[in-house]
Amino acid sequence: MTSKATETTPPNDPTPQQQAMIEVNGVSAADVTASLKAGFSDFLTRPIMSSFFGLFYAVFGILFVWCLVWLGKIWMIIPAMVGFPLVAPFAAAGLYEMSRRLQNGESFSWSDILTVMAQQSKREMGWMAFVTLFVFWVWMYQIRLWLAIILQDVSFSSFDGFLNAVLFTPEGWTFLAIGTCSGAVLSAVLFSVTVVAMPMLLEREIDFVTAMLTSVRVVTENPLVMLTWAAIISVTMLISLAPAFLGLIFALPILGHTTWHLYQKAVPPAKS
């Protein structure tokens, strides 16, 4: 009796193998400067569209603060304003796409950019939005915790009263010191996992964990330069909040475009 040999046929949709580690480049101060110039150039190329994203972010911030006042959550205003820039990387998704198309010489319209932004909810960037908002929630929660522990005996029923309690009392100084330190830690963590992860997820079909790990490697392999970039972002965003959030109309798009170009320098192009 003749036995028929069993043939093994590879499946049509094999399970993908573990993704290779993405390479990262060294980044210099000159790269940051060049990226800033390129980001400013992108802003000047499409100023109205770029400013739209900054305006949307600014209006959202104004409405957010107004809601806190309306709800009587006076103590949340300052921490909300300080923590508000934490969600800026996700808000800049449209700016990344604009810079990508400008860099490739592609034409685009409002619908093109808005469509790409809408599609991100079905991709891995949605998980990054969750990570960003979770860190913002932790920031607000720990501020409330420190308020309860340190300023428990201090009463404030108005914004002026809150400022007086924070800025002109020993308890307020302690609160500011601890809040600043804990905020710096949270900001450093979020910056490390998002600085190149957001634009990378927009450009490539990878999982958000790989994107975050790559972002962390960029920061750890270029600590001084990336710390400088983080400081530029922080100072620029905080100054932009001073004139009733309106500075964000210009600051957010320029920083968003710049981030795209810095990502291009920090991470080599994907191999086809």
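This is a short tour of a predicted model, with a suggestion at each stop for what to select.

**The whole chain.** Start by showing the protein as a cartoon. You will find 13 helices and zero strands, so to speak an unbroken run of α elements from the N terminus on. Now colour by burial: of the 272 residues, 44% count as buried. Among contacts between residues at least 6 apart in sequence, 78% join residues at least 24 apart.

**The core.** Next, select Val196, Met200, Met226, Trp229 and Val267. These residues have the most contacts inside the largest nonpolar core, which has 72 residues. Then add helix α7, residues 125-150: this helix gives the core its largest share, ten residues.

**Around Trp229.** Zoom in on Trp229 and show its side chain. Which residues does tryptophan 229 touch, leaving aside those up to four places away in sequence? They are Val32, Leu36, Phe191, Val195, Leu255, Thr258, Thr259 and Leu262.

**Two helices that cross.** Finally, select α5 (residues 93-103) and α13 (residues 248-266). Their axes lie 8 Å apart, and the helices pack at an angle of about 55 degrees. That makes α5 oblique to α13, and their crossing is right-handed.

Show the side chains where they meet. On the α5 side, pick Leu95, Tyr96, Met98, Ser99, Arg100 and Gln103. On the α13 side, pick Leu252, Pro253, Gly256, His257, Thr259, Trp260, His261 and Gln264. Colour this contact by residue type, and you will see six nonpolar, seven polar and one charged. Thr259 may look familiar: this residue is also on the list of those touched by Trp229.

How values were computed. Residues numbered from 1 in each chain as written. Predicted model: local features only at pLDDT ≥ 70, side-chain atom pairs only at ≥ 80, totals over all residues. Heavy atoms only, no water. Axes fitted to C-alpha atoms, helices over the stretch in contact; angles between N-to-C directions. Helix = DSSP H or I, 4+ residues; strand = E, 2+ residues; numbered from the N terminus. Parallel < 35°, antiparallel > 145°, perpendicular 65-115°, else oblique. Left-handed = near helix turned anticlockwise from the far one by under 90°. Contact = heavy atoms within 4.5 Å. Nonpolar A, V, L, I, M, F, W, Y, C, P; charged D, E, K, R; others polar. Core = buried A, V, L, I, M, F, W, Y, C linked by side-chain atoms within 4.5 Å. Buried < 20%, exposed > 50% of the residue type's maximum accessible area, 1.4 Å probe, protein only.
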